[in-house]
Structures are given as C-alpha cells and as structure tokens.
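Me: I've just opened this one and would like some help reading it. Can you walk me through it, one feature at a time?

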Amino acid sequence: MSDPTAGYLQTLSSALGGVGIRGRRRARILAEFADHLSSDPGAELGQPGELAQQFADELGTSLVRRAALMTFSALSIAGALFA
C-alpha cells in the first residue's frame with residue numbers, strides 16, 4: 001500500500017517542474033504542503049496541476065514587478081549620471 005500523501009507531493013513536484021518552478025522555490029512549496037498534510041492528512045488541497053499553475057502565475061507576476069522596478073532604478077541612476 002502506498003502513501004497517498006507522498007503520491008500527492010510527487011505529483012505536485014512534477015507539476016511544479018512542468019510550469020518552470022524549480023530549485024529552492026519548489027522545495028519550499030513542497031515543504032509547506034508536506035507540513036500541512038502531516039497535520040491534516042485528509043485535507044483537500046486541490047488538483048496538483050491547477051495549484052502549480054496558480055503558483056507559476058503568482059510568481060511570474062511578482063518576478064515581472066521586481067524586474068520592472070530594478071529596470072526603473074537602473075535607468076534612474078543612469079539618467080542621473082548622464083545629467
């Protein structure tokens with residue numbers, strides 16, 4: 001008999017990798033879900049593929065916002081130096 005929690009986490013891990021979430025971000029998300037499932041093994045967390053896509057959408061938005069802010073900052077510095 002296999003552990004359904006481990007199967008869910010493995011499926012979520014694959015789904016996260018499929019949408020481009022790797023490394024520390026994926027490990028952190030999986031650790032949070034593992035912790036939640038250890039305290040409530042019967043929790044209905046949703047479909048792994050849908051969750052992975054939601055994480056990708058939210059992370060993509062925050063990364064784009066951060067990149068825009070960094071670009072604006074760099075352009076401001078360059079403009080000040082040019083002036």
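**Reading the features**

Me: Let's begin with a single residue: is Phe33 buried or exposed?
Reply: Phe33 has a relative accessible area of 12%, so it counts as buried; that word means under 20%, with exposed over 50% and partly exposed in between (1.4 Å probe, protein chains only). Keep in mind that this is a predicted model, where local features need pLDDT of at least 70, side-chain atom pairs need 80 or more, and totals for chains, interfaces and linings use all residues. Residues are numbered from 1 along each chain as its sequence is written, and side-chain values use heavy atoms, leaving out hydrogens and water.

Me: How do I read a pair of aromatic rings, and how many aromatic pairs are there here?
Reply: You describe such a pair by the distance of the centres and the angle of the planes. Rings of Phe, Tyr and Trp (its six-membered ring) pair with centres within 6.5 Å; planes under 30 degrees apart are stacked, over 60 edge-to-face, the rest tilted. There's one aromatic pair in this structure. Phe33 and Phe55 make it up, edge-to-face, with 6.1 Å from centre to centre and 70° between the planes.

Me: Where do Phe33 and Phe55 sit in the chain?
Reply: Phe33 is in helix H2 (residues 23-39) and Phe55 in helix H3 (residues 48-82), so to speak of them as a link between distant parts of the chain is fair: they're 22 residues apart. Helices are DSSP runs (H or I, at least four residues), numbered from the N terminus.

Me: And how accessible is Phe55?
Reply: Phe55 comes out at 25%, so it's partly exposed, while its partner Phe33 is buried.

Me: How far apart are the end C-alpha atoms of helix H1?
Reply: The expected span is 1.5 Å times one less than the number of residues. H1 covers residues 4-18, and its 15 residues should span 21 Å; the end C-alpha atoms are 21 Å apart, which agrees. After H1 comes Gly20, with a positive phi near 95°.

Me: Which residues in H1 are buried?
Reply: Thr5, Tyr8, Leu9, Leu12, Ser13, Ala15, Leu16 and Gly17.

Me: Which residues touch the most other members of the largest nonpolar core?
Reply: A nonpolar core is a set of buried Ala, Val, Leu, Ile, Met, Phe, Trp, Tyr and Cys residues joined through side-chain atoms within 4.5 Å. The largest has 13 residues, and Tyr8, Leu12, Leu16, Ile21, Ile29, Phe33 and Leu51 touch the most other members. H1, H2 and H3 are the elements that give two or more residues to this core, and H1 gives the most, with five.
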